Amino acid sequence: MKIFITILVLLAVGSGIYVVATAPREDMQAIVTPEDDISDIIRDETASSTVTSAEVSTHNSDVSCWSIVDGKVYDLTNWISKHPGGKSAIKGMCGVDSTKEFERQHGGEARPEKILASYFYAELQ
């Protein structure tokens, strides 16, 4: 009997057939498909839950660009080179509270707000 089971296992492995446990895991919150927009649930694991404005002010360059908008801190470093309005539009936001500037330029527009949300880093302390 052991030989028969061994042969079945070898055949299954050799042919690419694998047995996968299908019982739901208790630690799984949700299943995400490739079609899902997950930008609102992606978060840098090293980010703290709150950041002070003093700390934001130290991230004031295109190498590390954090900005405050509506009491939230965003790491815009990777957005600088992608911004449709040019790099200078974002560089001016680095290290400071840019709520007024963002609202003046994009207030009420869904797409810019969604893009900004995808760069969320922490709440302002």
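Two strands count as paired here if DSSP finds at least two bridges between them. Keep that in mind as you click around this predicted model.

**Stop one: the sheet**

Select Lys-72 and look across to β4: standing opposite is Glu-123. Lys-72 falls within strand β3, residues 72-75, and 3 bridges join this strand to β4 in an antiparallel run. Now colour the whole sheet. You have 4 strands in an open arrangement, ordered β1-β4-β3-β2, and the pairing is mixed. β1 and β2 are the edge strands, each pairing on one side only.

Where does the parallel part come in? Show strand β1 (residues 50-51) together with strand β4 (residues 120-124): these two pair in the parallel sense, over 2 bridges. Pick Val-51 and you can find its bridge partner in β4, Leu-124.

**Stop two: Glu-123**

Go back to Glu-123, which sits in strand β4. Is Glu-123 buried, partly exposed or exposed? Its relative accessible area is 34%, so Glu-123 is partly exposed. Beyond the residues within four places in sequence, Glu-123 is in contact with Ser-49, Thr-50 and Val-51, and also with Gly-71, Lys-72 and Val-73. Draw a C-alpha to C-alpha distance from Glu-123 to Val-73: the viewer should give you 5.7 Å, for a pair 50 residues apart in sequence.

**Stop three: Val-56**

From Val-73, hop over to Val-56; the C-alpha atoms of these two are 7.7 Å apart, with their positions 17 residues apart in sequence. Val-56 belongs to helix α2, residues 53-57. Its relative accessibility is 0%, so Val-56 counts as buried. Show what surrounds it: once neighbours within four places in sequence are set aside, the contacts of Val-56 are Val-51, Trp-66, Ser-67, Ile-68, Val-73, Gly-95 and Val-96.

**Stop four: the cores**

Next, turn on side chains for the largest nonpolar core, which has 13 residues. Which members touch the most others? Select Cys-65, Val-69, Tyr-74, Leu-76, Ile-90, Leu-116 and Tyr-119 to see them. There is also a second, separate core of 7 residues, and Val-56 from the last stop is in it, along with Trp-66, Val-73 and Tyr-121 among others. As a general point, nonpolar side chains in soluble globular proteins tend to be buried together.

Zoom in on Val-69. Outside the four places on either side in sequence, Val-69 touches Tyr-74, Met-93, Ser-98, Thr-99, Phe-102 and Leu-116.

**Stop five: Ser-98**

One of those contacts of Val-69 is Ser-98, so select that next. You'll find Ser-98 in the loop between α3 (87-91) and α4 (99-106). Buried or exposed? Ser-98 is buried, with a relative accessible area of 1%. Apart from residues up to four places away in sequence, Ser-98 touches Ser-67, Ile-68, Val-69 and Met-93.

**Last stop: the disulfide**

How many disulfides are there to find? The count is 1. Select Cys-65 and Cys-94, and show the bond: their sulfur atoms are 2.1 Å apart. Cys-65 lies in the loop between α2 and β2 (66-69), while Cys-94 is in the loop between α3 and α4, so the pair ties together parts that are 29 residues apart in sequence. Look along the link and check its hand: it is left-handed, at -100° about the S-S bond. Switch on the surface as well, and keep in mind that Cys-65 and Cys-94 are both buried.

Definitions and conventions: Residues are numbered from 1 along each chain as its sequence is written. This is a predicted model: local features need pLDDT of at least 70, side-chain atom pairs count only at pLDDT 80 or more; totals for chains, interfaces and linings use all residues. Side-chain values use heavy atoms; hydrogens and water are left out. Buried means under 20% relative accessible area, exposed over 50%, partly exposed in between (1.4 Å probe, protein chains only). Contact means heavy atoms within 4.5 Å. A nonpolar core is a set of buried Ala, Val, Leu, Ile, Met, Phe, Trp, Tyr and Cys residues joined through side-chain atoms within 4.5 Å. A disulfide is a pair of cysteine sulfur atoms within 2.5 Å.
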